[in-house]
Amino acid sequence: TALEEVSALKTVRIWFTKDDECKYISHLDLNRVVMRALHKSRLNIWHTEGFNPHPFVTFALPLSLGFKGVKENMDIRLMDDEYNKEEIITSLNSCLPQGIRVYDVTDPVMKAGKIDKALFEIVVKSDKDNVDTLYSNFNSLFDRDQILVMKKTKKKTLKEIDIKPYILKYKVAD
């Protein structure tokens with residue numbers, strides 16, 4: 001029965017990198033690429049029920065266009081409790097473009113929707129003469145009480161927001 005099938009489902013978290021030319025794939029296109037790869041890999045995954053069944057995939061904190069992803073993840077549901085981690089990695093990598101590589105499969109520690117923080121590394125290149133100025137400017141920026149930026153809302157209006165509360169930790173290094 002359908003209830004028995006649901007109880008045998010196993011959610012796994014798939015860890016992957018998104019680099020090179022694939023960093024310019026939008027989240028919507030990444031979703032399509034992953035759906036095709038899951039279909040081509042023939043992994044025994046659960047599909048949604050309804051008129052147009054598709055693999056159940058959840059991405060936690062999808063990246064903006066142009067960002068390189070080192071520890072990206074997505075959750076899928078397998079049809080059984082037992083799975084071969086290496087088989088999943090090999091099957092998916094053979095169906096994904098070169099800029100997207102699966103490197104691990106784990107049990108999720110928390111639901112994808114509960115993940116609300118990310119680690120970003122920003123690299124700024126400069127000539128030797130400007131390094132001290134850049135270092136000083138970044139430190140003074142993060143020492144402010146507020147860091148105000150303009151954000152476009154869903155209604156396409158601009159709104160000023162303070163991003164300082166969202167920066168939990170930072171390090172400026174030469």
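This is a short chat about aromatic pairs, cysteines and empty spaces in a predicted model.

User: Let's start with the rings. How many aromatic pairs are there in the whole structure?
Analyst: The search finds four. Keep in mind that the model is predicted.

User: Take Phe 16 and Phe 59. Stacked, tilted or edge-to-face?
Analyst: Edge-to-face, because their planes stand at 85° and the cut-off for that label is over 60 degrees. The ring centres are 6.4 Å apart.

User: Where do these two sit in the chain?
Analyst: Phe 16 is in strand β1, residues 10-18. Phe 59 is in strand β2, residues 57-59. They are 43 residues apart, so the pair links distant parts of the chain.

User: Is that pair buried or exposed?
Analyst: Both residues count as buried. Phe 16 has 2% relative accessibility. Phe 59 has 15%.

User: What about Phe 67 and Phe 120? How do their rings meet?
Analyst: That pair is edge-to-face too. The distance is 6.0 Å centre to centre, with 75° between the planes.

User: And where are they?
Analyst: Both are in loops. Phe 67 is in the loop between β2 and β3. Phe 120 is in the loop between β4 and α4. They lie 53 residues apart.

User: Buried or exposed, those two?
Analyst: Phe 67 is partly exposed, at 38% relative accessible area. Phe 120 counts as exposed, at 52%.

User: New topic. Which charged side chains sit over rings?
Analyst: Lys 71 lies over the face of Trp 15, at 6.0 Å from the ring centre. The charged end of Arg 77 sits over the ring of Phe 56, 4.2 Å from its centre.

User: Now cysteines. How many disulfides?
Analyst: Zero.

User: Why does Cys 22 not bond to Cys 95?
Analyst: Their sulfurs are 14 Å apart, which is too far for a bond. A disulfide needs the sulfur atoms within 2.5 Å. Cys 95 is the closest cysteine to Cys 22, going by the sulfurs.

User: Are those cysteines buried or exposed?
Analyst: Cys 22 is buried, with a relative accessible area of 3%. Cys 95 counts as buried at 17%.

User: On to empty space. How many cavities of 30 Å³ or more?
Analyst: One. The volume of the largest cavity is about 60 Å³.

User: Which residues line that cavity?
Analyst: Phe 16 and Phe 59 are among them. The lining also includes His 27, Leu 30 and Glu 72. By class there are seven nonpolar, two polar and two charged residues.

User: Which elements supply at least two residues each?
Analyst: β1, α2 and β3 do.

User: What volume does the largest pocket have?
Analyst: About 2500 Å³. The lining has 41 residues. Phe 120 is one of the closest to the pocket's centre, along with Ala 118, Leu 119, Glu 121 and Ile 122.

User: Which element gives the most to that lining?
Analyst: α4, with six residues. By class the lining has 28 nonpolar, four polar and nine charged residues.

User: And the second largest pocket? What volume?
Analyst: About 150 Å³. Phe 56 and Arg 77 are in its lining, among others. That is the pair in which the charged end of Arg 77 sits over the ring.

User: Which element gives the most there?
Analyst: β3, with three residues. The classes are five nonpolar, two polar and four charged.

Technical notes:
Residues numbered from 1 in each chain as written. Predicted model: local features only at pLDDT ≥ 70, side-chain atom pairs only at ≥ 80, totals over all residues. Heavy atoms only, no water. Phe/Tyr/Trp six-rings, centres within 6.5 Å; stacked < 30°, edge-to-face > 60°. Helix = DSSP H or I, 4+ residues; strand = E, 2+ residues; numbered from the N terminus. Buried < 20%, exposed > 50% of the residue type's maximum accessible area, 1.4 Å probe, protein only. Lys NZ or Arg CZ within 6 Å of the ring centre and 35° of its normal. 1 Å grid on protein atoms, 1.4 Å probe; cavity = no way out; pocket = protein on both sides within 12 Å on 5 of 7 lines; lining within 4 Å. Points joined across faces, edges and corners; volume = space filled by probe spheres on them. Nonpolar A, V, L, I, M, F, W, Y, C, P; charged D, E, K, R; others polar.
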